[in-house]
Amino acid sequence: MDYNLRRQLIMLSKRLIYVFLFQLFLCTVIMANTGNAQRKTIDQVKVSLNLKEKPLAQFFRQVESKTDFKFTYTDNLLDLNQTITVVEDNKSLYDVLVAVSKQTNLNFVQVNENIHVKPNSDLTKKAVEVTELVDQTIQGKVVDEKFSKGVDSTATATCA
């Protein structure tokens, strides 16, 4: 009887280990999925701002604190001290950026969670744009000039 009990415990332990490994595998597959379910565009995000004759830098800080977006820009291309007036209550960030663009002649481009800011030199271009990044696979052969041997390679690049 002692032998049968030991044998049953070993079999039960093996089964538990198999079930645990199977669940671990399933959890790994589920967690490895990259998704954009929580990503919102600037026209889906609502903000309320009350800025009267405030510097552009303060506008950037307030929007960054109230949303998940971050502004990126080149310091020497923008005058962060120029004053703007934005009084909006529960408006989409897209509409707010259009209003700021009219006051400052700036162009805003949303790429994922970043909003790129640059001077709007082309007046026919839209003041605010939304761009999605797409993963693209590039395949080719890398060849050295001296040696005619090549190495096959595959790369995944993120393109706008």
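Is Asn-105 buried, partly exposed or exposed? Keep that question in mind; the tour comes back to it.

**The whole chain**

Start with everything shown. This is a predicted model. The protein chain has three helices and eight strands. Read from the N terminus, the order of elements is α-β-α-β-β-α-β-β-β-β-β. The chain holds 160 residues, and 22% of them count as buried. Now colour by atom type on the surface. The accessible surface is about 12,200 Å², with 54% of that belonging to carbon and sulfur atoms. Contacts reach along the sequence too. Among those with a separation of 6 or more, 52% join residues 24 or more positions apart.

**Stop 1: helix α1**

Select residues 2-31, which make up helix α1. Then pick Ile-17, Tyr-18, Phe-20, Leu-21 and Leu-24. Together they form a nonpolar patch on the surface, with about 550 Å² of accessible area. Click on Leu-21, which lies in α1. Its relative accessibility is 47%, so Leu-21 counts as partly exposed.

**Stop 2: the loop before β4**

Move to Asn-105. This residue sits in the loop between α3 (93-104) and β4. Here is the reply to the opening question: Asn-105 is partly exposed, because its relative accessible area is 39%, which falls between the 20% limit for buried and the 50% limit for exposed. Check the backbone as well. Most residues other than glycine have a negative phi. Asn-105 is not a glycine, yet its phi is positive, at about 60°.

**Stop 3: strand β4**

Select residues 106-111. This is strand β4, and six of its six residues are buried, so the strand is largely enclosed by the rest of the structure. Why are there two sides to inspect? In a regular strand, side chains alternate between the two faces of the sheet. Show the side chains of Leu-106, Phe-108 and Gln-110 on one side of β4. Then show Asn-107, Val-109 and Val-111 on the other. Both faces are covered, and each of these residues is buried.

**Stop 4: the hairpin to β5**

Which way does β5 run relative to β4, parallel or antiparallel? Add residues 114-119 to see. The two strands are antiparallel, and six bridges join them. For one pairing, select Val-109 and find its bridge partner in β5, His-116. Next, look at the turn. β4 and β5 form a hairpin with two residues between them. Asn-112 lies in this loop. Its phi is positive, near 55°, and Asn-112 is another residue other than glycine. With a relative accessible area of 17%, Asn-112 is buried.

**Stop 5: the other neighbour, β6**

Now select residues 128-131, strand β6. β4 pairs with β6 in the parallel sense, over four bridges. Find Phe-108 in β4 and look across to β6: Val-128 stands opposite.

Finish on Glu-129, also in β6. This residue is partly exposed, with a relative accessible area of 22%. Which residues does Glu-129 touch, leaving aside those up to four places away in sequence? Highlight Ile-42, Asn-107, Phe-108, Val-109 and Gln-110 to see them. Draw one last distance, from Glu-129 to Asn-107. The two are 22 residues apart in sequence, and their C-alpha atoms lie 8.2 Å apart in space.

Key. Residues are numbered from 1 along each chain as its sequence is written. This is a predicted model: local features need pLDDT of at least 70, side-chain atom pairs count only at pLDDT 80 or more; totals for chains, interfaces and linings use all residues. Side-chain values use heavy atoms; hydrogens and water are left out. Buried means under 20% relative accessible area, exposed over 50%, partly exposed in between (1.4 Å probe, protein chains only). Two strands pair if DSSP finds at least two bridges between them. Contact means heavy atoms within 4.5 Å. Accessible areas come from the Shrake-Rupley method with a 1.4 Å probe; for residues, only the protein chains shown count as cover. Patches are made of residues with over 30% relative accessible area and no salt bridge: like charges are joined within 9 Å, nonpolar side chains (Val, Leu, Ile, Met, Phe, Trp, Tyr) within 5 Å. A salt bridge is a side-chain nitrogen of Lys or Arg within 4 Å of a carboxyl oxygen of Asp or Glu.
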